[in-house]
Amino acid sequence: MTQTSLDSGPRHDVAELEDLAYELRRKLLELCGTYEGAVHIGGDMSVADILTALFHHGLRIDPDDIRNPARDRFVLSKGHAAVCMYIAMAMRGFFDYDDIVATYGQLDSAYGMHPCKVQLPGVEASTGSLGHGLPLAVGMALGARHRREDHRVVTLLGDGETGEGSVWEAVMAGRSNKLGNLVAFVDRNRQLMTSFAEERVAFEPYPDKWRAFGWNVIEIDGHDMSQLVGAIDALPAPDSDTPTVIICETVKGKGVDFMERNLAWHAGSLGKEDLERALASLEASREKETV
Ligand SMILES: Cc1ncc(C[n+]2csc(CCOP(=O)(O)OP(=O)(O)O)c2C)c(N)n1
């Protein structure tokens, strides 16, 4: 296996990661308060802890060396959470947050509603059409094996997204090709775009479905930073044979009382007043959690 040295960046403890996740949510809400169009804020808030744990702890990446072959690759399969990824990456040093706020969603902006790797170097895959990120990640992980590289390929899917048939073909291909360098996170918030998940698709027994396809299955609270860090740190070595899925139990809209589990907040925009309410609620929920 080849390995090129890579500065994996500052090491944060769990409390610092929690602070970063809070900051990420605050920045998301502020962008949602200034942008006039709809932001996928429900699914963004749902994955803020997962993306913080990945970009500030789990992924071996360096914003100053984005082409290093030893870097881990991250594919945002639920591409509608792009702005959460942009801000998480900005906080890690890849982009400038003010640029994101100034140009997000505008014609020709690099910061589109869905991520584009051509427009935005550092982003590893263009996504947004659900059901494609895991298949792409399988191909990337297979490519790494052929090149004898020892990095991981990590992807993040929505649970609703896993209703797509292409996901299960990729799940099978990941196991068939013994891709222990492949890791999938599932944002199990139990909501789709306009309905609650189980009302439309019989997902349960959900972890058993992944197990039946031969994956290593880890189930955690996707808002508990210690559990996220623990699951990442316990991942099998990339040269092992079994891909891993980390099923993260989450809440859509997490942190803002009027958004949590509310179907109306799949996507939306906040006016000045709602922004103030949302920020106050975020702060209150943080205080409650730190007591
Ligand atoms: C192939 C495809 N069909 C439909 C959509 C529209 N769409 C965007 S988000 C979404 C809901 C996805 O639900 P889930 O994967 O659970 O993500 P969450 O909304 O919870 O973030 C849908 C249907 C899409 N982006 N791609």
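Is arginine 190 buried, exposed or partly exposed in this predicted model? Arginine 190 is partly exposed, with a relative accessible area of 36%, and the first of the close-up views below begins with this residue.

**View A. Two arginines with positive phi, arginine 190 and arginine 261.** Arginine 190 sits in the loop between S3 and H7, and its phi is near 65 degrees, a positive value in a residue other than glycine. Arginine 261, which likewise is not a glycine, has a positive phi of about 50 degrees and belongs to the loop between S5 and helix H10 (272-290). Its relative accessibility of 51% places arginine 261 in the exposed class, because that class begins over 50%. Most residues other than glycine have a negative phi, and most peptide bonds are trans.

**View B. The cis peptide bond between glutamate 204 and proline 205.** The bond that joins glutamate 204 to proline 205 is cis, with omega at about 0 degrees. Proline 205 itself is placed in the loop between helix H7 (197-200) and helix H8 (206-212).

**View C. Helix H9 (residues 225-233) and its buried residues.** Within H9, the residues Met225, Leu228, Val229, Ala231 and Ile232 are buried. They lie on the same side of H9, because the arc that they cover around the axis is only 165 degrees. The elements that cover these buried residues include helix H1 (14-34) and helix H2 (41-58), together with strand S3 (182-188), strand S4 (216-221) and strand S5 (244-249). The N-terminal end of H9 is capped by aspartate 224, of which a side-chain oxygen lies 3.0 Å from the backbone nitrogen of serine 226.

**View D. Aspartate 49 and its polar contact with histidine 223.** Aspartate 49 is located in helix H2 and, at 7% relative accessibility, counts as buried. Its side chain makes a polar contact with the side chain of histidine 223, at 2.8 Å. When neighbours within four places in sequence are left aside, the residues in contact with aspartate 49 are Ala21, Arg25, Gly222, His223, Met225 and Leu228; Met225 and Leu228 also appear among the buried residues of H9.

**View E. The largest nonpolar core, with phenylalanine 74 as one of its residues.** This core has 63 residues, and those with the most contacts inside it are Leu29, Phe74 and Phe185. Not counting residues up to four places away in sequence, phenylalanine 74 touches Leu51, Leu54, Phe55, Leu59, Met85, Glu124, Val154, Thr155 and Leu156. A second core, separate and made up of 25 residues, includes Leu157, Trp168, Ala184 and Ile247.

**View F. The surroundings of the ligand.** Seen here are the 17 residues that surround the ligand, the closest of which are Lys78, His80, Glu161, Asn189 and Lys252. A backbone N or O atom of glycine 160 lies 2.9 Å from an oxygen atom of the ligand, while for glutamate 161 a backbone N or O atom lies 2.8 Å from a ligand oxygen atom. In the case of asparagine 189 it is a polar side-chain atom that lies 2.8 Å from an oxygen atom of the ligand. Of the 580 Å² of accessible area that the ligand has on its own, the protein covers 77%.

**View G. Methionine 259 in the loop between S5 and H10.** Methionine 259 is buried, with a relative accessible area of 1%. Apart from neighbours within four places in sequence, methionine 259 is in contact with Leu29, Ile41, Lys252, Gly253, Trp265 and Leu270; of these, Lys252 is also listed among the closest residues to the ligand, and Leu29 among those with the most contacts inside the largest nonpolar core. The C-alpha atoms of methionine 259 and cysteine 116 are separated by 28 Å, the two residues being 143 residues apart along the chain.

**View H. Aspartate 96 in the loop between helix H3 (82-91) and helix H4 (97-103).** With a relative accessible area of 37%, aspartate 96 is partly exposed. Aspartate 96 touches Ala90 and Tyr111, not counting residues up to four places away in sequence. Between aspartate 96 and valine 75, which are 21 residues apart along the chain, the C-alpha atoms are separated by 20 Å.

Terms used
Residues numbered from 1 in each chain as written. Predicted model: local features only at pLDDT ≥ 70, side-chain atom pairs only at ≥ 80, totals over all residues. Heavy atoms only, no water. Buried < 20%, exposed > 50% of the residue type's maximum accessible area, 1.4 Å probe, protein only. Helix = DSSP H or I, 4+ residues; strand = E, 2+ residues; numbered from the N terminus. Arc of directions from axis to C-beta. Contact = heavy atoms within 4.5 Å. Polar contact = N/O pair within 3.5 Å; in protein donor to acceptor, adjacent residues only side chain to side chain. Core = buried A, V, L, I, M, F, W, Y, C linked by side-chain atoms within 4.5 Å. Near = heavy atom within 4 Å. Areas by Shrake-Rupley, 256 points an atom, 1.4 Å probe, with all protein chains shown as cover.
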